[in-house]
Amino acid sequence: MLKHYDNYIDGVWTQSETGHNVQNINPATGEILGEVAVSSAHDVDRAVKAAKRAQKSWRLVPAPERAEVLYEVARILKEKKEDLAQILTSEMGKVIAEARGEVQEAIDMAYYMAGEGRRLFGETVPSELRDKFAMSVRVPVGVAGLITPWNFPIAIASWKSLPALVAGNAVVWKPASETPFMAAEFMKVYEEAGLPKGLMNVVFGSGSVVGNALVEHPDVDIISFTGSNEVGRAINGKAGRLLKRTSLEMGGKNAVTVLEDADLDLAVDGIIWSAFGTAGQRCTACSRIIVHEAVKEELEHKLLERVQSLKVGNGADERIDVGPVINKGSLDRIHEYVQTGIGEGAKLLCGGSILNEEDFAKGHYYEPTIFTDVSPHMTIAQKEIFGPVTSIIPVKSLEEAIDVNNSVEFGLSSSVFTKDVNRVFKAMRDFDTGIVYINAGTTGAEIHLPFGGTKGTGNGHRDSGVAALDVYTEWKSVYVDFSGTLQRAQIDNK
């Protein structure tokens, strides 16, 4: 029997006002998995009103007590890990080992943010006046509107919803249209964990309708968005006119730099995982390989050997290394970028084709692809392709590598492979990205450190770590004068 999911508003699974549904398709097989509601702006309004009501009492619940719900979320996620991973692979396509890892990330985040229930620290500071106490405390923002992508449908949702809730906010969540089942199952976990009704609401539908209604709603106090640069900029423009806070994470054009003294086998391991894991559909994917010309030929040989051994197919098969891309639109866009690279003079080292025969016929598969002899200014070296495609760019020095690394509009993740500690620290200092890896690929962020980037990647906020609490809290300064007299600060009485 096919699954069907409606919206979750004010503690109830409820049909959309439109009465319409859309099919959910397995990108590996073309199989119809079920259907999900298509919502309207009115559905968003109902969810926001429910969230606003619920938040009034939730903010008064002691933070350690709020955290108890998150501990229960972690326990249930752990119990359901394998089932959730299987659902994730079926509707998103990533290989099952990666899906298990993603669910584990949500488990880790739930435990971590539950701990923050006892660490929502403020500050006490000396007052400049006698018999006066000065401190600052965190207070919740209010209603948080979350807009999340399909490539990490439970991990990124956990990065956003868990800190929002432990800080005392309520949530209205618009998940990606491509991965609604993971959203519904995550919501069921919150429901089972005993989260009071109205605090977490899920509204399915398009960005143009549901996302836009969420951004423009006067009672939504913050929008946290992960997705494309184009959509993020539009959200920021609308929210800015409404004086509404936004937290934006909008992708990357990440590079692994391989210097002449690098362990090339280790570098190849890092590149393969970073470029072709999740079929390259990560904002942290390695889509550029900046390599010193002295080791370029040897690195190419090792990469080619490894890439040709990768198994492409249905991610539900434990033997598969690279799964499908999310849909036909992505498949066509990736191939268009590859054709552009060929047209601009890049040399195709391997791949470059849509896989559409035999076992691949019903899914959306692209060959793992490597270009070489790429100029830093070519389209494929500048634009986020979001597929299993990477480009080798030769350089003559670390200094040139740093310039190439920083020559794109994004600034999310970067990596350098070298045995020279002096060059390690220079790269750490000069790579203009929010995340830097040494002797590792461009992926693998851990939940207790801030996640986000510079330039076109975002607007300065961070998911994960303690920094995530800054997104969902306001600072309130409190002064307690127990002198019994009116004392005036900033008055020269000396």
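How many of the 5 residues of β11 are buried? The count is 5 of the 5, so β11 is largely enclosed by the rest of the structure. Keep in mind that this is a predicted model. With that said, here's a quick tour, starting from β11 and moving out to pockets, rings and another pair of strands.

**Strand β11 and its neighbours**

- Side chains leave β11 in two directions: Ile-222, Ser-224 and Thr-226 point one way, while Ile-223 and Phe-225 point the other way, and all are buried.
- That fits a general habit: in a regular strand the side chains alternate between the two faces of the sheet.
- Strand β8 (residues 143-147) pairs with β11 in the parallel sense, over 4 bridges, and Leu-146 stands opposite Ser-224 in β11.
- Strand β12 (residues 245-249) also pairs with β11 in the parallel sense, this time over 5 bridges. Here Ile-223 has Thr-246 of β12 as its bridge partner.
- Put β11, α8 and β12 together and you get a right-handed β-α-β unit.

**Pockets and cavities**

- The largest pocket holds about 1,100 Å³ of space.
- Its lining takes in 43 residues, and Phe-225, Thr-226, Gly-227, Ser-228 and Val-231 are the ones nearest the centre of this pocket.
- Four elements give two or more residues to that lining: α7 (207-216), β11 (222-226), α8 (229-241) and α11 (328-343). The one that gives the most is α8, with 6 residues.
- As for cavities, the structure has 3 of 30 Å³ or more, and the largest has a volume of about 70 Å³.
- Around the largest cavity sit 14 lining residues, with Gly-280, Arg-282, Ala-285, Ser-287 and Phe-386 nearest its centre.

**Aromatic pairs**

- Searching the whole structure turns up 8 aromatic pairs.
- In one of these pairs, the rings of Tyr-71 and Tyr-111 have centres 6.5 Å apart and planes at 50°, so the pair counts as tilted. It links distant parts of the chain, with Tyr-71 in helix α2 (residues 63-79) and Tyr-111 in helix α4 (residues 96-115), 40 residues apart.
- Tyr-71 is partly exposed at 34% relative accessibility, and Tyr-111 is partly exposed too, with a relative accessible area of 36%.
- Trp-173 and Phe-186 make an edge-to-face pair, at 6.1 Å centre to centre and with 85° between the planes. Trp-173 belongs to strand β9 (residues 170-174) and Phe-186 to helix α6 (residues 180-192), 13 residues apart.
- Both Trp-173 and Phe-186 are buried, and ring pairs join these two with Tyr-190 in a cluster.

**Charges over rings**

- Lys-94 places its charged end over the ring of Phe-152, 3.6 Å from the ring's centre.
- Arg-282, one of the residues nearest the centre of the largest cavity, lies over the face of Trp-273, at 4.3 Å from the ring centre.

**Strands β21 and β22**

- Along β22 (residues 435-438) the side chains alternate: Ile-435 and Tyr-437 point to one face and are buried, whereas Val-436 and Ile-438 point to the other and are not.
- Strand β21 (residues 413-417) pairs with β22 in the parallel sense over 4 bridges, and Val-416 stands opposite Ile-438 in β22.
- To get from β21 to β22, the chain passes through helix α14 (residues 421-430), and this β-α-β crossover is right-handed.

Notes
Residues are numbered from 1 along each chain as its sequence is written. This is a predicted model: local features need pLDDT of at least 70, side-chain atom pairs count only at pLDDT 80 or more; totals for chains, interfaces and linings use all residues. Side-chain values use heavy atoms; hydrogens and water are left out. Buried means under 20% relative accessible area, exposed over 50%, partly exposed in between (1.4 Å probe, protein chains only). Two strands pair if DSSP finds at least two bridges between them. A crossover is right-handed if, with the strands pointing away from the viewer, the path from the first strand over the helix to the second runs clockwise. Rings of Phe, Tyr and Trp (its six-membered ring) pair if their centres lie within 6.5 Å; planes under 30 degrees apart count as stacked, over 60 as edge-to-face and the rest as tilted. A charge sits over a ring if NZ of Lys or CZ of Arg is within 6 Å of the ring centre and within 35 degrees of the ring normal. On a 1 Å grid over the protein atoms alone, a cavity is a set of points where a 1.4 Å probe fits but cannot get out, and a pocket is an open set with protein on both sides within 12 Å along at least five of seven lines; lining residues have an atom within 4 Å of a point. Grid points are joined across faces, edges and corners, and a volume is the space filled by probe spheres set on the points.
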